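Student: I have the sequence and the model open. Can we work through a few points of the fold?

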Amino acid sequence: MTQFIEFVDSPEGTGAQVFGEVKKSTIKSFLSFLMEKDQSPRSISRKLVTVRSFFKFLVRTGVVDSNPASQIKSPKIPK
(Lines give C-alpha, C1' and ligand atoms only; values in the text may rest on other atoms or scores of the structure.)
Protein backbone atom coordinates (compact mmCIF):
# COMPACT_ATOMS: atom_id res chain seq x y z
CA MET A 1 0.00 0.00 0.00
CA THR A 2 2.90 2.31 0.74
CA GLN A 3 4.13 1.92 -2.84
CA PHE A 4 0.70 2.98 -4.18
CA ILE A 5 0.56 6.03 -1.91
CA GLU A 6 4.08 7.05 -2.94
CA PHE A 7 3.13 6.60 -6.61
CA VAL A 8 0.00 8.76 -6.30
CA ASP A 9 2.05 11.49 -4.65
CA SER A 10 4.83 11.30 -7.28
CA PRO A 11 5.14 13.05 -10.67
CA GLU A 12 4.20 9.75 -12.39
CA GLY A 13 0.92 9.69 -10.47
CA THR A 14 -1.72 12.38 -10.35
CA GLY A 15 -0.39 14.14 -7.29
CA ALA A 16 -3.79 13.62 -5.65
CA GLN A 17 -3.89 15.13 -2.19
CA VAL A 18 -6.88 13.10 -0.98
CA PHE A 19 -8.04 9.61 -1.87
CA GLY A 20 -11.28 11.00 -3.31
CA GLU A 21 -9.22 12.43 -6.17
CA VAL A 22 -7.82 9.02 -7.19
CA LYS A 23 -9.38 7.82 -10.43
CA LYS A 24 -9.42 4.53 -12.33
CA SER A 25 -6.78 5.95 -14.68
CA THR A 26 -4.47 6.59 -11.71
CA ILE A 27 -4.67 2.96 -10.66
CA LYS A 28 -4.08 1.78 -14.23
CA SER A 29 -1.01 4.04 -14.38
CA PHE A 30 0.19 2.47 -11.14
CA LEU A 31 -0.14 -1.01 -12.65
CA SER A 32 1.75 0.11 -15.76
CA PHE A 33 4.43 1.58 -13.52
CA LEU A 34 4.79 -1.79 -11.77
CA MET A 35 5.03 -3.59 -15.12
CA GLU A 36 7.81 -1.23 -16.21
CA LYS A 37 9.65 -2.08 -13.00
CA ASP A 38 9.54 -5.78 -14.03
CA GLN A 39 7.19 -6.83 -11.25
CA SER A 40 5.73 -10.28 -11.80
CA PRO A 41 2.03 -10.52 -12.75
CA ARG A 42 1.41 -12.32 -9.46
CA SER A 43 2.93 -9.43 -7.46
CA ILE A 44 0.98 -6.87 -9.45
CA SER A 45 -2.22 -8.81 -8.86
CA ARG A 46 -1.57 -8.93 -5.09
CA LYS A 47 -0.96 -5.17 -5.01
CA LEU A 48 -4.16 -4.54 -6.96
CA VAL A 49 -6.11 -6.66 -4.46
CA THR A 50 -4.66 -4.54 -1.66
CA VAL A 51 -5.65 -1.29 -3.40
CA ARG A 52 -9.17 -2.65 -4.04
CA SER A 53 -9.55 -3.65 -0.39
CA PHE A 54 -8.30 -0.27 0.80
CA PHE A 55 -10.79 1.62 -1.36
CA LYS A 56 -13.55 -0.79 -0.28
CA PHE A 57 -12.74 0.21 3.31
CA LEU A 58 -12.79 3.92 2.36
CA VAL A 59 -16.23 3.50 0.75
CA ARG A 60 -17.55 1.66 3.85
CA THR A 61 -16.31 4.40 6.16
CA GLY A 62 -17.66 7.19 3.93
CA VAL A 63 -14.30 8.72 3.00
CA VAL A 64 -14.92 8.21 -0.75
CA ASP A 65 -18.12 7.70 -2.76
CA SER A 66 -16.96 4.88 -5.02
CA ASN A 67 -14.16 2.37 -5.46
CA PRO A 68 -12.09 3.31 -8.55
CA ALA A 69 -10.29 -0.05 -8.42
CA SER A 70 -13.39 -2.24 -8.50
CA GLN A 71 -13.63 -2.44 -12.30
CA ILE A 72 -9.92 -3.03 -13.01
CA LYS A 73 -9.00 -6.56 -14.00
CA SER A 74 -5.96 -8.30 -12.60
CA PRO A 75 -3.17 -9.21 -14.99
CA LYS A 76 -3.13 -12.73 -16.37
CA ILE A 77 -0.91 -15.02 -14.32
CA PRO A 78 0.96 -17.62 -16.39
CA LYS A 79 0.47 -21.24 -15.38
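Student: Which hand does the crossing of α2 and α3 have?
Tutor: Keep in mind that this is a predicted model. Look at α2, residues 24-36, and α3, residues 41-60. Their crossing is right-handed.

Student: At what angle do α2 and α3 pack?
Tutor: Take the two helix axes. They lie 10 Å apart. The packing angle is about 155°.

Student: Is α2 roughly parallel or roughly antiparallel to α3?
Tutor: The helices pack at about 155°. Angles over 145 degrees count as roughly antiparallel. So α2 is, relative to α3, roughly antiparallel.

Student: How do the residues of the contact of α2 with α3 divide into nonpolar, polar and charged?
Tutor: From α2 come I27, F30, L31, L34 and M35. They meet I44, K47, L48, V51 and F55 of α3. Lysine counts as charged, and K47 is on the α3 side. The division is nine nonpolar, no polar and one charged.

Student: Is F33 buried or exposed?
Tutor: F33 is found in helix α2. Its relative accessibility is 18%. The cut-off for burial is under 20%, so F33 counts as buried.

Student: Which residues does F33 touch, leaving out those up to four places away in sequence?
Tutor: Search beyond the sequence neighbours of F33. G13 is 20 residues away in sequence, with a C-alpha to C-alpha distance of 9.3 Å from F33. The residues that F33 touches are Q3 and F7.

Student: Where does D38 lie, and is D38 buried or exposed?
Tutor: D38 lies in the loop between α2 and α3. Its phi is near 60°, a positive value in a residue other than glycine. Relative accessibility is 72%. Exposed means over 50%, so D38 in this loop counts as exposed.

Student: Is N67 buried or exposed?
Tutor: N67 is found in the segment after α3. Its relative accessible area is 17%. That is under 20%, so N67 is buried.

Student: Which backbone atoms lie 3.2 Å and 2.9 Å from a polar atom of the side chain of N67?
Tutor: Start with the 3.2 Å distance. It runs from the N67 side chain to the backbone oxygen of R52. At 2.9 Å, the partner is the backbone nitrogen of A69.

Student: Which residues does N67 touch, not counting those up to four places away in sequence?
Tutor: R52 gives a start, with its backbone oxygen 3.2 Å from a polar side-chain atom of N67. The full list is R52, F55, K56 and V59.

Note on methods
Residues are numbered from 1 along each chain as its sequence is written. This is a predicted model: local features need pLDDT of at least 70, side-chain atom pairs count only at pLDDT 80 or more; totals for chains, interfaces and linings use all residues. Side-chain values use heavy atoms; hydrogens and water are left out. Helices (H or I, at least four residues) and strands (E, at least two) are DSSP runs, numbered from the N terminus. Buried means under 20% relative accessible area, exposed over 50%, partly exposed in between (1.4 Å probe, protein chains only). A polar contact is a pair of N or O atoms within 3.5 Å; within protein, one must be able to donate a hydrogen and the other to accept it, and residues adjacent in sequence count only if both atoms are side-chain atoms. Contact means heavy atoms within 4.5 Å. Axes are lines fitted to C-alpha atoms, for helices over the stretch in contact, and angles run from 0 to 180 degrees between N-to-C directions. Angles under 35 degrees count as roughly parallel, over 145 as roughly antiparallel, 65 to 115 as roughly perpendicular and the rest as oblique. A crossing is left-handed if the near helix is turned anticlockwise from the far one by less than a right angle, and right-handed if clockwise.
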